[in-house]
Amino acid sequence: MLPLSQSHLTLLDACPRKYQYVFFDALSGPSTYEQQTTAQWGSQFHLLMQQRSLDLPVELLSQANAEMAASMAALAKAAPEVFEHLPASGDPSEALTFSQSEHRRTLAFGRYLLTVVYDLVVLSSQQGQIFDWKTHQHPPRQSWLQNDWQTRLYLYVLCETTALSPEQLSMTYWFVRLGDAPPSGQEPGFYRFGYSAAQHQQTQRDLQQLTDRLTRMQQQADFPKVAIEKGLCDRCLFNVRCDRAPASAPSPSSPQQLLQAASQLTADSVEEIPL
Ligand code: SF4
């Protein structure tokens with residue numbers, strides 16, 4: 001069974017050709033220094049939270065990065081329920097049955113295996129809460145995140161793999177890097193999304209449509225390029241490979257641009273040098 005994560009669904013939805021490049025041809029573009037440091041910060045923060053949830057010592061890791069320690073302390077203050085593994089309602093009569101950091105779930109969906117990894121999931125007989133730590137410098141718009149495949153897939157899989165109804169589920173994103181959260185910049189911000197039966201059915205239909213399409217594309221070995229009108233190609237890392245580079249694009253000059261251009265070279269696109 002082919003695993004399908006939120007990243008697979010997002011790319012497939014945006015551009016099947018890009019999905020093919022990234023997941024079948026294993027191509028990738030260069031990342032900037034800023035992207036690398038943000039990714040590193042993010043993975044260290046996730047590790048720190050996982051250690052904390054397992055009651056393992058976190059002092060060494062947090063001492064090594066004062067900003068991260070401050071972010072974790074601010075999150076503990078803003079969201080104590082996260083650290084206590086209690087439901088957000090704080091209702092003491094509500095029995096906690098399960099909570100786990102970096103919790104992985106899979107769900108068979110036709111010939112595919114929907115796969116999610118929750119940063120933290122807290123389940124009781126009354127509700128299921130998914131928590132996700134976001135470490136970008138600039139949080140995305142709330143409406144964008146609500147429709148993002150991560151939100152939709154994470155809630156869908158939890159609903160299908162527990163006895164809870166959609167209305168008993170929620171997903172909360174915490175933007176943990178200080179400075180991200182308006183208005184003071186001193187507290188982490190959050191978005192919390194509820195769920196409904198109508199959203200669950202819509203996600204099911206969309207998943208069915210997308211996976212049916214993926215099956216057809218695999219059978220025909222044809223992953224079409226996205227329509228130019230969607231405006232995704234100008235800034236896509238693969239636009240040279242797709243012959244979709246903007247006509248007015250200047251020749252690459254910065255190391256980043258040169259790396260990007262080099263990463264897209266193919267045997268067909270390199271001009272032969274006569275000897
Ligand atoms: S350049 Fe356009 S068609 Fe090609 S992979 Fe990127 S988004 Fe898809």
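**Strand E5, the core and the ligand shell**

Trainee: How many of the seven residues of E5 are buried?
Mentor: E5 is largely enclosed by the rest of the structure, because its buried residues number five of seven. Keep in mind that this is a predicted model, where local features need pLDDT of at least 70, side-chain atom pairs count only at pLDDT 80 or more, and totals for chains, interfaces and linings use all residues. Numbering runs from 1 along each chain as its sequence is written. Buried means 20 or more other C-beta atoms within 10 Å of the residue's own, with C-beta atoms placed from the backbone, and for E5 that gives five of the seven.

Trainee: Which residue in E6 does Tyr-173 stand opposite?
Mentor: Strands are DSSP runs of E with at least two residues, helices runs of H or I with at least four, numbered from the N terminus; two strands pair if DSSP finds at least two bridges between them. E5 pairs with E4 in the parallel sense over seven bridges, and Trp-133 stands opposite Trp-174 in E5. With E6 (residues 189-194), E5 pairs in the antiparallel sense over six bridges. There, the residue opposite Tyr-173 is Tyr-191.

Trainee: Which element gives the largest share of the largest nonpolar core?
Mentor: A nonpolar core is a set of buried Ala, Val, Leu, Ile, Met, Phe, Trp, Tyr and Cys residues joined through C-beta atoms within 7 Å. The largest one here has 38 residues, and Ile-130, Tyr-154 and Trp-174 are among those with the most contacts inside it. Elements supplying at least two residues each include H1 (6-14), E4 (128-134), E5 (169-175) and H8 (149-160). The largest share, eight residues, comes from H8.

Trainee: What does Tyr-154 touch, not counting residues up to four places away in sequence?
Mentor: Contact here means C-beta atoms, placed from the backbone, within 7 Å. By that test, and skipping residues up to four places away, Tyr-154 touches Val-116, Tyr-118, Ile-130 and Met-171.

Trainee: How many residues around the ligand are charged?
Mentor: A residue is near the ligand if its C-beta atom, placed from the backbone, lies within 6 Å of it; Cys-15, Arg-17, Lys-18, Cys-233 and Arg-244 are among them. Ala, Val, Leu, Ile, Met, Phe, Trp, Tyr, Cys and Pro count as nonpolar, Asp, Glu, Lys and Arg as charged, and the others, Gly among them, as polar. The shell holds seven nonpolar residues and one polar, and the charged ones number four.

Trainee: What covers the buried residues of H2?
Mentor: In H2 (residues 16-24), Arg-17, Lys-18, Tyr-19, Gln-20 and Tyr-21 are buried. What covers them includes H1.

Technical notes:
Buried ≥ 20, exposed ≤ 12 C-beta atoms within 10 Å, placed from the backbone. Contact = placed C-beta atoms within 7 Å.
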